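Me: I would like to go through this model with you, one question at a time. Please reason briefly and finish each reply on the value or name I ask for.

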Amino acid sequence: MKKIGKIAVFLILGSMVWGCGRQEESPDVRETAIISEEKPEKMEETSVAAVEEETEVQAEDVGDEKVQVHQDETAEKDQIKLVAAQKAEPVRCDGEKGRQLSNEELQAFTSWIGRSDNYGFLLSIYDTPAEVDLDEIFYCGAGIEQNEVTEEEIEAYLHACGWDEIYTDFEKLTTEQIDAFLQKKTGLSYEQMNGRLRWTYLPEYDAYYAEHGDTNYRAFSCVEGYTADEQVFTLRCRPYDLGGSDSDGYHVMDYELKLERWDGEYRFLSNRMMWERGLIEEQSFAVALEPLGNVIFASYAPDIEVHPFADVSFFILRDGRELRRLQGIVEGNIRENEVFHQVEAVAFADYNEDGNTDVIIIADYALLSEEGIENICAEIRLYEGKNEYLYYDQEMSEKVNLEADGRTIRSVLDYIAQNL
């Protein structure tokens, strides 16, 4: 890593951000942009606009103007173009929360959601109970008492599946059992659910059958909760590892679970991934990545209270769900003798021209010594897109960090264009 020169800022006018965050102006390509708050219907390729702090910026009549990017005549035709990106808009929850739940109440809810008949409702995202993923709920039987399975049923099941024998654990649930369970937990019948259980259904027995050789169990802890009327409860739930091996430095997503008190128990209302918590908003973007399509690229600050040397985390999100987590560049995403300082820039481009969008990130780190912080250095990392995944491009990242002139997105892309 090389020491940072002048700190640069990305030109943001209105709510649109194009391609990356802050960076220095390239001496080879000087670009200006008129940026409006109007969102384009389709995000097209464009170049990044950036200026140094001391550069005087003037923007006139930006209210209703369409986005225009003008390149100087010195721009090379073979420059790698950046993919347009728009600043991500996280969920805002600023309303009245009501009474905060006590530690004893949170512990009671933690025990309740950890039961075999409840944990499955935290394994999918839904705004209404009808949207819940039934396969997650019933994967291990949901604590429902199992009926005896006859030899005739097994033969009928194997015939329907085209198999010779049963190799793993075998579950059977009748439609009556499923209906009764869902009525109790959601107030809806099986027919009222949006999805269907992807088990094998045998109409002659009016029952569903499935095999599984593992478990989908995941433990959650209720770390915060509120109620405004003692009827509906909003819980912030955090997943944790029962084996006690929660030792990596990746960001952990919390979930907002809503329950309604009903007949001495609780019914599930909704479950939302709280992707806004810990988000570095100025370096998180709505972007169209090939071939994934429209997604949110989300940057997350490390929780230094849990791991002082934890690194920044990056996720790909879609429809409020985690789609991908980018691999960290150090083991366990925990650094040694370096403290994360900031994400300086994020950009999107197909730098190897294979039809897949790649990601370029510049992050700053404080180097520590016995005397304290020694200096702050910038590190470049590249992620190569392949078949809907993003893989850390270690070889090219190391070359760019050693040989590229400057620590800007444009200098990185110019180096790649000349050396790939």
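Me: What is the strand order of the open sheet of five strands?
Reply: The model is predicted. In this open sheet, the five strands pair in the antiparallel sense. Their order is β10-β14-β15-β16-β17.

Me: Which strands stand at the edges of that sheet, each with a single partner strand?
Reply: An edge strand has a single partner, so one side of it is left without a neighbour in the sheet. Residues 99-100 and residues 265-273 form the two strands in that position. They are β10 and β17.

Me: Which residue of β14 stands opposite Q100?
Reply: β10 pairs with β14, residues 219-227, in the antiparallel sense. Two bridges join β10 and β14. Opposite Q100 stands Y226.

Me: How many residues of strand β20 are buried?
Reply: Buried here means under 20% relative accessible area. β20 spans residues 313-318 and is mostly covered. Of its six residues, the buried ones number five.

Me: Which residue in β20 is the bridge partner of S299?
Reply: β19, residues 293-300, pairs with β20 in the antiparallel sense. Five bridges link β19 and β20. The partner of S299 is F314.

Me: Which residue in β21 is the bridge partner of F315?
Reply: β20 also pairs with β21, residues 321-325. The sense is antiparallel, over four bridges. The partner of F315 is R325.

Me: Which residue takes a positive phi in the hairpin of β20 and β21?
Reply: Two residues lie between the strands of this hairpin. The phi in question is near 55 degrees. The residue is D319.

Me: Which strands each supply at least two residues of the lining of the second largest cavity?
Reply: The structure holds two cavities of 30 Å³ or more. The second largest has a volume of about 40 Å³. Its lining includes G385, K386, Y389 and L390. The strands are β24 (372-386) and β25 (389-392).

Me: How many residues of that cavity's lining are charged?
Reply: Among the lining residues are E290, K386 and E388. The lining also has five nonpolar and three polar residues. The charged residues number three.

Me: What share of the chain's residues count as buried?
Reply: The chain has six helices and 25 strands. It exposes about 22,000 Å², and carbon and sulfur atoms supply 44% of that area. Of its 420 residues, the buried share is 47%.

How values were computed: Residues are numbered from 1 along each chain as its sequence is written. This is a predicted model: local features need pLDDT of at least 70, side-chain atom pairs count only at pLDDT 80 or more; totals for chains, interfaces and linings use all residues. Side-chain values use heavy atoms; hydrogens and water are left out. On a 1 Å grid over the protein atoms alone, a cavity is a set of points where a 1.4 Å probe fits but cannot get out, and a pocket is an open set with protein on both sides within 12 Å along at least five of seven lines; lining residues have an atom within 4 Å of a point. Grid points are joined across faces, edges and corners, and a volume is the space filled by probe spheres set on the points. Ala, Val, Leu, Ile, Met, Phe, Trp, Tyr, Cys and Pro count as nonpolar, Asp, Glu, Lys and Arg as charged, and the others, Gly among them, as polar. Buried means under 20% relative accessible area, exposed over 50%, partly exposed in between (1.4 Å probe, protein chains only). Accessible areas come from the Shrake-Rupley method with a 1.4 Å probe; for residues, only the protein chains shown count as cover. Two strands pair if DSSP finds at least two bridges between them.
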